[in-house]
Every structure is written in C-alpha cells, then in structure tokens.
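Thanks for sending this one over. Here are my notes, meant to be read with the structure open beside you.

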Amino acid sequence: MIVGDQPTCFPGELLVRVSSRSDGMMLDRANEVHHPSVVVNRKVFCDLQRINYKSVVYQQVIYDNDQSFDRIVEVDESDTSQYVSGIHADALVTSQRGVGLMLCLADCIGTVVYDPVYKRLALVHLGRHSTVAGLMTKVITWFIEQGSNPQDIIIWMAPSIKSASDRLEYFDYADDPIWKRYVDYRPDGIYIDMAGFNRASAERAGVLPENIFVSPIDTATHPEYFSHRHGDTRERFAVLAVIR
C-alpha cells in the first residue's frame with residue numbers, strides 16, 4: 001500500500017484503502033477466485049487495516065454476454081466472506097458498520113460513493129461496459145431513492161487507466177453526442193476518458209463538483225499498480241472500504 005495514494009476526502013468514520021503491487025495479487029485470473037495464494041494476501045492487507053477479512057464482502061464482477069453491467073446489490077453481515085464466497089454485483093451498497101466491501105481490478109475505476117449524513121456506502125466497478133450502462137447515474141439515483149441528498153455525497157475514484165493510455169481500436173459509442181467530449185481520435189486509435197465521463201455523470205445527477213475526487217494515478221504507466229493494458233492479464237489489486 002502506498003500511503004500517499006490513499007484518499008483523504010472522507011470523514012474519519014469511513015476507511016478506504018487501495019492496495020498496490022507490493023501487497024501481492026488480490027485476484028489471480030489464472031486461478032479460481034478464492035485460490036489460497038490470493039486469499040492470504042487479502043487477509044494480510046485487511047489485517048494491516050485492522051479489518052477482519054471474515055467481515056468483508058467480496059465483489060465478483062462477471063462479464064458474461066447476458067450481463068447488464070448495472071447490477072446494484074445491497075449487502076450486510078450475512079453476505080460477508082464468513083458466510084458466502086462472494087456477491088455478483090457491479091456495485092455493492094451497505095449501511096452496516098463494520099461490513100467491508102472489497103473489489104479487485106486492474107485499469108477499471110474502483111469508485112467509492114459515500115453519504116456521510118445517512119452513513120451509506122457504495123463500492124462501484126466502473127469499467128467500459130458499466131460506464132456505458134450508466135452505472136454511476138444509477139448508483140446516485142439509488143442513494144437519492146433511499147433519502148440521500150446528492151449534494152452530501154462524496155465520491156473518490158481509485159487509480160485507473162487514464163485517457164492518455166486508454167487506446168481502443170474502435171468504440172461503439174464514439175459518435176454518441178453524450179460521449180463527444182470524452183473521445184479523442186488519434187492516428188493510432190480512439191482514446192476515451194472514462195473518469196471524465198463518470199465525473200460528469202455524477203455532476204448531472206446532483207453531486208457537487210467539489211465533492212468528486214479522482215486519483216491522478218494512471219495504472220497503465222505506474223509501476224506499482226497492476227494493469228491489464230500494460231500486460232498484467234492475471235494480477236489484480238484491490239479497493240477496500242468500510243464504515244467503522
């Protein structure tokens with residue numbers, strides 16, 4: 001864990017941590033999800049934060065063709081690793097103190113959404129599919145439906161691939177007007193700004209610009225973070241969040 005890369009935007013009752021390469025793989029895509037070699041790394045990482053891994057809900061993101069990529073699941077103690085192996089979701093939400101949320105990723109945007117008034121927490125997987133599916137807007141809408149004022153919400157986006165590195169051969173939504181500001185055509189391909197698009201989505205949903213924080217770290221170029229684009233096809237780091 002790199003101390004200087006941790007968020008400082010949240011109130012003291014919310015613990016948010018992002019692991020780095022030195023913490024080891026938190027998921028190995030070449031093995032089963034809970035292979036002992038990665039579970040031991042998760043447990044050690046949680047122990048360092050004084051969080052028991054048994055109290056953590058492990059978020060599983062599935063890329064099957066029939067997925068909607070906007071699945072929001074509310075969890076509590078019964079969904080923690082002490083009782084179940086993981087929860088299939090694109091966003092986990094909880095209001096229960098002591099229940100940790102863990103998401104493993106490499107390049108996608110692990111995003112923490114928190115309402116400090118009602119003590120509601122979400123951990124959101126914002127990859128290309130879920131971004132196109134409007135998951136950020138749907139998560140904020142979920143908060144509002146639960147009674148939250150969007151102006152109270154604080155958002156932090158973890159280290160992720162940045163627009164300077166996110167090159168695609170094609171992008172089906174490149175000509176969509178809503179994407180126009182976030183697509184850059186270059187001689188070698190199409191570059192997209194997922195963090196910028198999601199920030200704008202949160203602002204349109206009512207979140208104050210000054211309450212949105214985006215890590216400047218580009219996982220595709222930073223040596224201390226796993227990056228699928230950079231060639232780390234197996235390894236994943238983790239974002240951990242818990243209301244204490």
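**Notes on the model**

1. A good place to start is Asp 28, which counts as buried at 1% relative accessibility (buried means under 20% relative accessible area, exposed over 50% and partly exposed in between, with a 1.4 Å probe and protein chains only). Please keep in mind that this is a predicted model, in which local features need pLDDT of at least 70 and side-chain atom pairs count only at pLDDT 80 or more, while totals for chains, interfaces and linings use all residues. Residues are numbered from 1 along each chain as its sequence is written, and side-chain values use heavy atoms, with hydrogens and water left out.

2. Which residue forms a salt bridge with Asp 28? The partner is Arg 234, with the closest N and O atoms 2.6 Å apart (a salt bridge is a side-chain nitrogen of Lys or Arg within 4 Å of a carboxyl oxygen of Asp or Glu). Arg 234 lies in the loop between S14 and S15 and Asp 28 in strand S2 (residues 27-28), so the pair ties together parts that are 206 residues apart in sequence. Helices (H or I, at least four residues) and strands (E, at least two) are DSSP runs, numbered from the N terminus. Unlike its buried partner, Arg 234 is partly exposed, at 38% relative accessibility.

3. The structure holds 7 salt bridges, and two others are worth a look. Lys 138 and Asp 70 meet through their side chains at 2.6 Å, N to O. Since Lys 138 lies in helix H3 and Asp 70 in the loop between S3 and S4, this pair ties together parts that are 68 residues apart in sequence. Lys 138 is partly exposed at 36%, and Asp 70 is partly exposed at 22%. Arg 186 and Asp 184 also form a salt bridge, with their closest N and O atoms 2.8 Å apart.

4. Now to strand S7 (residues 100-105): 6 of its 6 residues are buried, so the strand is largely enclosed by the rest of the structure. Gly 100, Met 102 and Cys 104 point one way, and Leu 101, Leu 103 and Leu 105 the other. In a regular strand the side chains alternate between the two faces of the sheet.

5. What does S7 pair with? Strand S3 (residues 56-60) runs parallel to S7 over 4 bridges, with Val 56 opposite Gly 100. Strand S15 (residues 235-243) pairs with S7 in the antiparallel sense over 5 bridges, and Met 102 has Leu 240 as its bridge partner there. Pairing here requires that DSSP finds at least two bridges between two strands.

6. An open sheet of 6 strands has the order S4-S6-S9-S8-S10-S14, with mixed pairing. Strands S4 (72-74) and S14 (212-214) are at the edges, each with a single partner strand, so one side of each is left without a neighbour in the sheet. Within this sheet, S6 (residues 91-94) and S9 (residues 120-126) pair antiparallel over 4 bridges, and Leu 92 stands opposite Leu 123.

7. Helix H4 (residues 194-204) lies across S8, S9, S10 and S14, at about 175° to S14. Contact means heavy atoms within 4.5 Å; axes are lines fitted to C-alpha atoms, for helices over the stretch in contact, and angles run from 0 to 180 degrees between N-to-C directions.

8. Finally, 3 strands form an open antiparallel sheet in the order S11-S13-S12. In S13, Ile 190 is the bridge partner of Leu 168.
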